[in-house]
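This report concerns one protein chain and its bound ligand. Please read the headings below alongside the sequence and the coordinates.

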Amino acid sequence: MLNVLLLGPQGAGKGTQGKLVAAEHGIPHVATGDMLRAAIADGSELGRQVRPLYDAGRLVPDDLMIELIRDRLAREDTAEGFVLDGFPRTPAQAAALDELLDEIGRPLTVVLEFQLPEEVAIERLRRRAEDEGRADDTPEAIRTRLRLYHEETEPLIEHYRARGNLVGVRADRPVAEVFGDIQQALEQAAVR
Ligand code: AMP
């Protein structure tokens with residue numbers, strides 16, 4: 001079982017690395033941002049509900065997100081592990097995840113903290129805005145998202161550090177180098 005959690009600011013490459021780790025280990029990449037984008041594209045009830053928040057770069061309410069993750073981790077394909085990306089983002093979500101993982105007996109193998117200077121994150125998001133045209137990559141939404149990251153999500157680093165399974169990853173490097181470090185960290189975590 002390989003249960004990986006990715007933490008770090010927007011633009012750090014969590015999505016890219018999350019997909020690589022998932023493919024390498026044959027486990028799903030559970031990315032809440034992707035799940036919400038799919039719901040918005042489908043025009044589902046959930047999508048309609050979250051769209052204004054998403055577009056503004058604000059956070060979707062905790063209870064909604066916790067329910068989404070509870071349902072997702074109940075699916076068969078996560079039995080051998082998962083790469084969780086974009087959740088938790090608030091202390092309440094982290095507490096709910098601790099409880100959920102305890103309940104289903106699937107502790108986190110490792111928490112990878114993507115480290116990246118703020119100005120590099122902003123530059124990467126600007127470039128992505130040009131390439132992908134994501135609705136929440138407007139300058140204003142980017143500012144809101146990074147502010148919320150600092151206020152709500154960054155404190156979770158200490159939460160996981162205190163539990164002893166946090167590993168730092170220097171994310172300001174080529175994709176293959178970052179992935180190499182991650183693979184090493186996963187091997188070490190697996191033998192611990
Ligand atoms: P991401 O692709 O992870 O940057 O997520 C894009 C957007 O989806 C965020 O700016 C939020 O609006 C929403 N979102 C994704 N995950 C969460 C979460 N765990 N809690 C609240 N909102 C979320």
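How many nonpolar, polar and charged residues does the shell around the ligand have? Sorted by class, the shell comprises 6 nonpolar, 4 polar and 6 charged residues. The model described here is predicted.

## The ligand and its surroundings

The ligand occupies the largest pocket. Around the ligand there are 16 residues, and those that come nearest are T32, R58, G86, R89 and Q93. Among the contributors to the shell, helix α2 gives the most, with 4 residues. This helix runs over residues 32-42.

Three contacts involve nitrogen of the ligand. A polar side-chain atom of T32 lies 2.8 Å from a nitrogen atom of the ligand. For G86, the partner is a polar backbone atom, at 2.9 Å from a ligand nitrogen atom. In the case of Q93, an N or O atom of the side chain is 3.0 Å from a nitrogen atom of the ligand. The ligand would expose 480 Å² if taken alone, and the protein buries 94% of that area.

## Q93 in helix α5

Q93 belongs to helix α5, which spans residues 91-103. Is this residue buried or exposed? The relative accessible area of Q93 is 3%, and Q93 is therefore classed as buried, the cut-off being under 20%.

Besides the ligand contact at 3.0 Å, the side chain of Q93 takes part in a contact within the protein. The partner is the side chain of D62, and this polar contact is 3.0 Å long.

## The cis peptide bond before α5

Which two residues does a cis peptide bond join? The bond links F87 and P88, with omega at about 0°. P88 is located in the loop between strand β3 (81-85) and helix α5. Helix α5 is also the element that holds Q93.

## D34 in helix α2

D34 is situated in helix α2, the element that gives the most residues to the ligand shell. Its relative accessible area is 33%, so D34 counts as partly exposed; the class covers values between 20% and 50%.

In sequence, D34 and G15 are 19 residues apart. Their C-alpha atoms are 9.2 Å apart in space.

## T138 and H150

Two further positions concern helix α7 and the loop that leads to this helix. T138 is found in the loop between α6 (118-132) and α7. With a relative accessible area of 36%, T138 is partly exposed. T138 and N3 are 135 residues apart along the sequence, and the distance between their C-alpha atoms is 33 Å.

H150 lies within helix α7 itself, which covers residues 139-153. The relative accessible area of H150 is 34%, and H150 is accordingly partly exposed. Between H150 and I69 there is a separation of 81 residues along the chain, while their C-alpha atoms are 22 Å apart.

Key: Residues numbered from 1 in each chain as written. Predicted model: local features only at pLDDT ≥ 70, side-chain atom pairs only at ≥ 80, totals over all residues. Heavy atoms only, no water. Helix = DSSP H or I, 4+ residues; strand = E, 2+ residues; numbered from the N terminus. Buried < 20%, exposed > 50% of the residue type's maximum accessible area, 1.4 Å probe, protein only. Near = heavy atom within 4 Å. Polar contact = N/O pair within 3.5 Å; in protein donor to acceptor, adjacent residues only side chain to side chain. Areas by Shrake-Rupley, 256 points an atom, 1.4 Å probe, with all protein chains shown as cover. 1 Å grid on protein atoms, 1.4 Å probe; cavity = no way out; pocket = protein on both sides within 12 Å on 5 of 7 lines; lining within 4 Å. Sits in = over half its atoms within 2 Å of the grid points. Nonpolar A, V, L, I, M, F, W, Y, C, P; charged D, E, K, R; others polar.
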